[in-house]
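Biologist: Could you walk me slowly through the aromatic side chains in this one? I'd like a close look at how the rings are arranged, and then a tour of whatever you think belongs beside them.

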Amino acid sequence: MAVERDIFGISGPTYLNPVNWNCENNRRSVAACLVQAVYVLERDRQLNRQSIDAAAPPWWEFFGFEMIRKLVDDVDLSIFGAIFEFNPPSSKEASAQDAPRFVIAFRGTITEKETISRDLSLDLQLVQNGLHKTSRFAIAMQAVQNVASAFPGSPIWLAGHSLGAGTAILTGRNMVKKGALLDSFLFNPPFVAAPIEGIRDERVKHGFRIARSVITAGLTIAMKAKTEGNNKRSVAEESFNILSSWTPYLFVNPGDHVCSEYIGYFQHRRNMEDLGAGFIEKLATQNSIGDLFYKALGWESEPLHLLPSADLIVNVSPSPDFKYAHGISQWWQPDLNLLCNKYRYS
């Protein structure tokens with residue numbers, strides 16, 4: 001399935017060729033297009049495009065989805081997410097047995113005057129590991145829980161881009177703790193750490209990663225020693241054990257410093273195991289220096305980027321600039337040069 005730009009005109013078709021739901025490229029493209037639909041929904045609202053003038057509907061109608069609910073931020077009243085239900089013509093149902101019943105998608109930051117203030121404040125919360133304390137996340141979490149409760153056993157996808165990927169990670173993690181493993185498509189998910197992946201010298205880059213792992217492990221041991229007297233089990237260790245069965249799809253671009261550190265995060269873990277330093281890296285993987293700092297100050301912190309397992313998909317096709325490397329549009333393009341690695345925590 002190749003997604004061509006001209007099919008998404010306002011008068012585009014409602015449903016064309018059936019999607020091969022077992023094809024990873026098709027699944028990626030559909031998830032990315034539904035995230036784009038949320039971006040366009042918000043632009044429709046800002047520009048007061050309604051009815052036949054609305055540009056968003058073709059982004060979901062093309063794949064046989066209906067938009068059943070908009071998720072609206074309670075602060076700036078912007079549309080930050082949407083719930084889509086798959087409802088193709090009956091003649092297509094046999095070929096769609098592996099399709100999701102629902103897709104809940106979240107957009108990232110929009111730098112327009114109507115949204116920039118609220119979105120940037122949430123970006124700051126994300127950097128400070130505090131996105132879980134925001135009302136936008138609470139709205140998203142409630143929406144996902146409501147769908148999962150109303151339709152138990154139905155396949156549900158989460159999808160998000162940038163800030164929206166952070167929201168999807170948080171909701172996905174919380175659903176795992178409730179016993180539900182949701183397929184999650186995370187495009188350019190933020191990794192809150194120094195962008196070591198951008199260093200070109202491999203020896204220097206590897207040295208920085210080892211140093212960071214040793215420091216993080218040392219701080220973790222020191223802080224754990226303070227809590228052992230209270231018989232407290234490591235929250236990070238317990239969380240990792242619970243989350244290890246969840247395998248989100250991470251879509252990253254090495255030219256995007258917002259998400260590229262995931263490449264080194266997983267590869268370095270494997271390298272340290274090969275060096276016989278798996279214990280150090282296990283502690284470093286479960287914690288971050290920033291998270292430990294916030295907790296030392298007594299702040300509630302939940303770092304999104306510490307994931308036990310993932311399917312990491314890296315777009316190594318040439319990116320002309322950062323805007324493209326961080327953009328959602330790359331992920332529905334045909335003939336991408338992708339490197340895929342599966343990482344499982346044990």
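Modeller: Sure. Of the 346 residues in the chain, 52% are buried, and keep in mind that this is a predicted model. The chain has 11 helices and eight strands. If you take the contacts between residues at least 6 apart in sequence, 75% of them join residues at least 24 apart.

Now to your rings. Searching the whole structure turns up 19 aromatic pairs. A pair of aromatic rings is described by two things, the distance of the centres and the angle of the planes. Take W21 and W157: their ring centres are 5.7 Å apart and their planes sit at 70°, so this pair is edge-to-face. The cut-off behind that label is over 60 degrees. W21 belongs to the segment before α1 (24-46), while W157 is in strand β4 (residues 156-161), so you have a link between distant parts of the chain, 136 residues apart. Both of these tryptophans, W21 and W157, are buried.

A second tryptophan pair, W59 with W332, counts as tilted, with 5.1 Å from centre to centre and 55° between the planes. W59 sits in helix α2 (residues 58-61) and W332 in the loop between α11 (322-326) and β8 (338-343), so this pair ties together parts that are 273 residues apart in sequence. Here too, W59 and W332 are both buried.

Then there's a cluster, and W21 and W157 are members of it. Ring pairs connect W21, F65, F86, W157, F185, F187, Y249, F251 and W331. Keep Y249 in mind, as D311 touches Y249.

That makes D311 a good next stop. D311 is part of strand β7 (residues 310-315). Its relative accessibility is 9%, and the limit for buried is under 20%, so D311 counts as buried. Leaving out residues up to four places away in sequence, D311 touches T247, P248, Y249, L250, N341, K342 and R344. With T247, the sequence gap is 64 residues, yet the C-alpha atoms of D311 and T247 are 6.5 Å apart in space.

Now slide over to F185 and F187, two of the rings in the cluster. They fall within strand β5 (183-187), and the loop between β5 and α6 (202-227) holds another phenylalanine, F191. F191 is buried, at 8% relative accessible area. Ignoring neighbours within four places in sequence, F191 is in contact with V258, E261, Y262, Y265 and H305. From F191 to V127 is 64 residues in sequence and 8.7 Å in space, C-alpha to C-alpha.

The loop between β5 and α6 also has a backbone oddity for you, at N188. This residue isn't a glycine, but N188 has a positive phi of about 50°. N188 is buried as well, with a relative accessible area of 0%.

You get another positive phi at D335, about 60°, and D335 isn't a glycine either. D335 lies in the loop between α11 and β8, where you already met W332. What about its surroundings: is D335 buried or exposed? D335 counts as exposed, at 78% relative accessibility.

To finish, have a look at a helix pair. Helix α4 (residues 135-150) packs against helix α5 (residues 163-177) at an angle of about 50°, the two axes being 10 Å apart. That makes α4 and α5 oblique to each other, and α4 passes α5 in a right-handed crossing. On the α4 side the contact is made by R136, F137, A140, M141, V144, Q145 and A148, and on the α5 side by L163, T167, L170, T171, N174 and M175. Sorted by class, the contact of α4 with α5 comes to eight nonpolar, four polar and one charged residues. Also in α4 is Q142, which counts as partly exposed at 42% relative accessibility. The C-alpha atoms of Q142 and T171 are 9.1 Å from each other, with their positions 29 residues apart along the chain.

Conventions
Residues are numbered from 1 along each chain as its sequence is written. This is a predicted model: local features need pLDDT of at least 70, side-chain atom pairs count only at pLDDT 80 or more; totals for chains, interfaces and linings use all residues. Side-chain values use heavy atoms; hydrogens and water are left out. Rings of Phe, Tyr and Trp (its six-membered ring) pair if their centres lie within 6.5 Å; planes under 30 degrees apart count as stacked, over 60 as edge-to-face and the rest as tilted. Helices (H or I, at least four residues) and strands (E, at least two) are DSSP runs, numbered from the N terminus. Buried means under 20% relative accessible area, exposed over 50%, partly exposed in between (1.4 Å probe, protein chains only). Axes are lines fitted to C-alpha atoms, for helices over the stretch in contact, and angles run from 0 to 180 degrees between N-to-C directions. Angles under 35 degrees count as roughly parallel, over 145 as roughly antiparallel, 65 to 115 as roughly perpendicular and the rest as oblique. A crossing is left-handed if the near helix is turned anticlockwise from the far one by less than a right angle, and right-handed if clockwise. Contact means heavy atoms within 4.5 Å. Ala, Val, Leu, Ile, Met, Phe, Trp, Tyr, Cys and Pro count as nonpolar, Asp, Glu, Lys and Arg as charged, and the others, Gly among them, as polar.
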